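User: Take me through this model. I want the reasoning behind each label, not just the label.

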Amino acid sequence: MSEHAVVVDRLEKVFQVPERDPGLVAATKGLFRRKTREVRAVDAISFTVDQGEVVGFLGPNGAGKTTTLKMLSGLLYPSGGEGRVLGFVPARRQREFLSRITLVMGNRNQLQWDLPALDSYELNRAIYRIPREEFAPLRDELVELLDIGDLVRKPVRQLSLGERMKAEIVGALLHKPQVLFLDEPTIGLDVTMQKRIREFVADYNARYGATVLLTSHYMADVEALCKRVVVIHHGRILYDGPLAGLADQFAAYKTIGVALENGGADLSRYGEVLHTEGDWITLRVPKAETSSVTARLLTEEQVLDLNVEDPPIEDVIELVFAQERPE
Amino acid sequence: MSVVPEVAPVREAGRFRSMVDLYVTTARTAVSQQFQYRTANYFYMFGMVAEPVIYLVVWTTIADQQGGSVNGLTAGYFAAYYIVWTLVRNMNIVFGAPFWEHRIREGDLNRDLLRPVLPLHYDIAYFAGWKVVVIVLWIPLAIALSFLFDPALSPNAQQVAAFAIAIWGAYLIRTMFQEALGMLCFWTTRGAAIFDLWMTLELLLSGRLVPLPLMPDWVQEISRFLPFQWAFYFPIETLVGDYSNAELVRGLLAQLLWILIGLAIFRVAWRFAIRKYSAVGG
């Protein structure tokens, strides 16, 4: 039986958000009676992540992804439920816990802005109490893996976004964390840099058996790294399972690609024609009718080639995100 | 549901040695960073000299008009007091309460909280490193002021030793109380009014505005029971005044007491404050 590195049990976070109408009258009223609204950012979610597993944590903006990661990394106190990471309760913020995890936020800078990254790494060595004899080889290995040998001597402020992100990742992994919370680590990066970081995360996971919980709006990240995804929306979990199963649950249609002997025949009677590219025609048909439409095509048309596919993952995710808040 | 039950302790060197390493490394980082901004630091110090020079000119003029002294304090004493003042004032610049507002609002605290060390340690060590730069930059400034104002300064070895400790005591007292005060930022985003009130009290009761013997007796009495003078007047007087050895030791012990009181307030406030944190700003 595999062991869970992360256990989330009915975890919730409620924020009290002050609010008032615009204008002077409302501002004056606010002096005497402050109005607040309760925002349930994370609503009693439960899931587990096995040791060494890489899980995609997906959801639209404001779904509760980052709030969950912040609770699991000890930044936020939960309003209810419990989270455990490597057996620790994150909110207690024990030194042993913080020394075993890392949280990389793509939009935040954690290195010293005015100094070369090497100085920040040295600071991390002291903060995480990394023995010197282990520190230097690991630092050099990570620097080499991410190919930033020349950059770590430049002040961080002079690095490009992608270069800085790679330098950030090295800094975040120097203490060899067993659990990585990656919050949009490839945001704003070009495709080459995204690919490089994806490969690095996969390599780190394979090399050290680290557990990874990854949020990203780039499906390429998720497809490359995660066999399993947890989808959160309006603070609740909508789906937890294999990435491949997402379409089964949420997509109401499949696509049928077909090539005919007589090229550009009109196939609109079989389903919605999405596009035609040379002899290849792509149709969208309701999931329940896929078998019957395929059978009709094969008997009624002179088919050279045919395949049935789930819709692209981006389209499925779009469908999931479009769901209304459940009551 | 299986959970990883036990976690072996992190392999680490001795706790004390690790903390010393953390402090030295952080301070070294601060020195590197602040030397990069040496020109800005110098201009900052020049700007800061304006305040004591004004006080010095005013009191020297009054002393001259009153036959050489005010309440027994001579022009030479004022010169010595305000020249030493410049260093003590610089030692008093710490991770202040308003910085907490910035740290929380901008989300910088997220980074600090992810580290397995209390942010207070980092703040103390970082600003201590900065102080090293300040002291180095202060020396030529003090020499120039001494040529200009002829201070009456002839401390003995015990006084110099006590001063060397007292300026760091002042630094720690002010750090503890400013950090404790900064905890208010977890409850309100507008702590500035409270910080200003605190600063006003500090200005009046610390010896920053005028040497405490020039204040009314009741003010001097009140200030004995508050932390302010131990972070300002006392360290200046260790070098400028005529404290006996026993008074020097008592003063240093009083500083230690205020450091511990400030630390205790901070620790209690921190325990409650961190539960209020909403980790905004990424």
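Analyst: Start with pairing: two strands pair if DSSP finds at least two bridges between them. Note that this is a predicted model.

User: What makes β11 (residues 272-277) and β12 of chain A a pair?

Analyst: At least two bridges are required. Here 5 bridges join β11(A) to β12(A), and the strands run antiparallel. One of the bridges sets Thr276(A) against Ile281(A). The hairpin they form has 2 residues between the strands, and Gly278(A) takes a positive phi near 65° there.

User: Which other strand pairs with β12(A), and in what sense?

Analyst: β10 (residues 253-260) of chain A pairs with β12(A) in the antiparallel sense, over 7 bridges. Thr255(A) of chain A stands opposite Arg284(A) in β12(A).

User: How do you know that the side chains of β12 (residues 280-286) of chain A alternate?

Analyst: In a regular strand the side chains alternate between the two faces of the sheet. In β12(A), Ile281(A), Leu283(A) and Val285(A) point to one face and are buried. Trp280(A), Thr282(A), Arg284(A) and Pro286(A) point to the other face and are not buried.

User: Why are β5 and β9 of chain A called edge strands?

Analyst: The open sheet has 6 strands in chain A, in the order β5-β6-β7-β3-β8-β9, with mixed pairing. β5 (101-105) and β9 (236-242) of chain A each have a single partner strand, so one side of each is left without a neighbour in the sheet. Neighbouring strands of this sheet are turned by 15° against each other on average, direction ignored.

User: Which strand of this sheet pairs with β3 in the parallel sense?

Analyst: β8 (residues 228-233) of chain A does, over 4 bridges with β3 (residues 54-58) of chain A. Gly56(A) stands opposite Val229(A) in β8(A).

User: What packs on the sheet, and at what angle to β6(A)?

Analyst: Helix α2 (residues 65-72) of chain A does, touching β3, β5, β6 (179-183), β7 (211-215) and β8 of chain A. Its direction makes about 150° with that of β6(A). Angles over 145 degrees count as roughly antiparallel.

User: Why is α2(A) called largely enclosed?

Analyst: A residue is buried if 20 or more other C-beta atoms lie within 10 Å of its own. In α2(A), 8 of the 8 residues are buried, so the helix is largely enclosed by the rest of the structure. Among them are Lys65(A), Leu69(A), Lys70(A) and Met71(A). After α2(A) comes Gly74(A), with a positive phi near 85°.

User: What makes helix α1 of chain B oblique to helix α6 of chain B?

Analyst: Two packed helices are described by the angle between their axes and the distance between the axes. The axes of α1 (residues 15-36) and α6 (residues 119-149) of chain B come within 7 Å and cross at roughly 50°. Roughly parallel needs an angle under 35 degrees, and roughly perpendicular needs 65 to 115. The crossing fits neither, and that makes α1(B) oblique to α6(B). The crossing is right-handed.

User: Which residues make that contact, and of what class are they?

Analyst: α1(B) contributes residues including Leu22(B), Tyr23(B), Arg28(B) and Phe35(B), and α6(B) residues including His121(B), Tyr122(B), Gly129(B) and Trp130(B). By class, the contact has 13 nonpolar, 5 polar and 1 charged residues.

User: How many helices and strands are there in chain A?

Analyst: Chain A has 11 helices and 13 strands. Its C-alpha trace spans about 75 × 60 × 50 Å along the principal axes. Of its 327 residues, 43% are buried.

Technical notes. Residues numbered from 1 in each chain as written. Chains lettered and ligands numbered in written order. Predicted model: local features only at pLDDT ≥ 70, side-chain atom pairs only at ≥ 80, totals over all residues. Axes fitted to C-alpha atoms, helices over the stretch in contact; angles between N-to-C directions. Contact = placed C-beta atoms within 7 Å. Buried ≥ 20, exposed ≤ 12 C-beta atoms within 10 Å, placed from the backbone. Left-handed = near helix turned anticlockwise from the far one by under 90°. Nonpolar A, V, L, I, M, F, W, Y, C, P; charged D, E, K, R; others polar.
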